[in-house]
Amino acid sequence: LQTERNTLTLTNAIIHESTNFVERNTIVTQRNSFRVKGSHSFHRERIRFNHLTFVQPSLRDFSNLRWNTVLTLEIPLNKWVAIRTSFANTYESEVEATRKHNDSHLTFGVSLGRQP
């Protein structure tokens, strides 16, 4: 879906995965991989919001779930410089015993590069 100030893409695929754990048995499964990707601008392109999300449940065991999302807010200062903040969140139900299931990051910064 695309308009002058918004784009939204939905994709769906079936993937085969083999995860070789060090401390656990290898898990082989097929996953449904659903992706939502979007870009939106507001206030005459003075604010931009981008997002990307994957949701990937195992088709054999729905409790074996993974997701990843990145949300980015950007305020362009000119065609080359923008102030940017991003939030990223990842979750995996099947991990090594020493790893976390959920991880989040919040970043702030300046991006350089020519914008359309």
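E17 is a buried residue, because its relative accessible area of 12% falls under 20%. The model in which E17 is described here is a predicted one. Despite its charge, E17 is not without a partner: its side chain forms a salt bridge with R66, and the closest N and O atoms of the two are 2.5 Å apart. This pair links distant parts of the chain, since E17 belongs to strand 1 (residues 6-19) and R66 to strand 4 (residues 65-76), with their positions 49 residues apart in numbering. R66 also counts as buried, because its relative accessibility is 18% and the limit for burial is under 20%.

**Salt bridges**

Side chains of opposite charge can pair when their charged atoms come close. A search of the whole structure finds seven salt bridges. Three of them are listed below with their N to O distances.

| Acidic residue | Basic residue | N to O distance |
|---|---|---|
| E17 | R66 | 2.5 Å |
| E74 | R84 | 2.7 Å |
| D103 | K100 | 3.4 Å |

In the second pair, the side chains of E74 and R84 meet at 2.7 Å, N to O. This salt bridge also connects distant parts of the chain: E74 is in strand 4, while R84 is in strand 5 (residues 81-92), ten residues apart. E74 is buried, with a relative accessible area of 2%. R84 has a relative accessible area of 34% and is therefore partly exposed, the range for that class lying between 20% and 50%.

The third pair joins D103 and K100, whose closest N and O atoms are 3.4 Å apart. D103 counts as partly exposed at 30% relative accessibility. K100 is exposed, because its relative accessible area of 60% is over 50%. Elsewhere, salt bridges that share partners join E17, R31, R66 and E92 into one network. The E17 and R66 pair described at the outset thus has both of its residues in this network.

**Nonpolar surface patch**

Which residues form a nonpolar patch on the surface? The patch consists of I75, L77, I83, V110 and L112, and together these residues have about 520 Å² of accessible area. One of them, L112, lies in strand 6, which spans residues 102-112. Is L112 buried or exposed? L112 counts as exposed, because its relative accessibility is 71% and the threshold for exposure is over 50%.

How values were computed. Residues numbered from 1 in each chain as written. Predicted model: local features only at pLDDT ≥ 70, side-chain atom pairs only at ≥ 80, totals over all residues. Heavy atoms only, no water. Patch = residues over 30% accessible without salt bridge, like charges linked within 9 Å, V, L, I, M, F, W, Y side chains within 5 Å. Areas by Shrake-Rupley, 256 points an atom, 1.4 Å probe, with all protein chains shown as cover. Salt bridge = Lys/Arg side-chain N within 4 Å of Asp/Glu carboxyl O. Helix = DSSP H or I, 4+ residues; strand = E, 2+ residues; numbered from the N terminus. Buried < 20%, exposed > 50% of the residue type's maximum accessible area, 1.4 Å probe, protein only.
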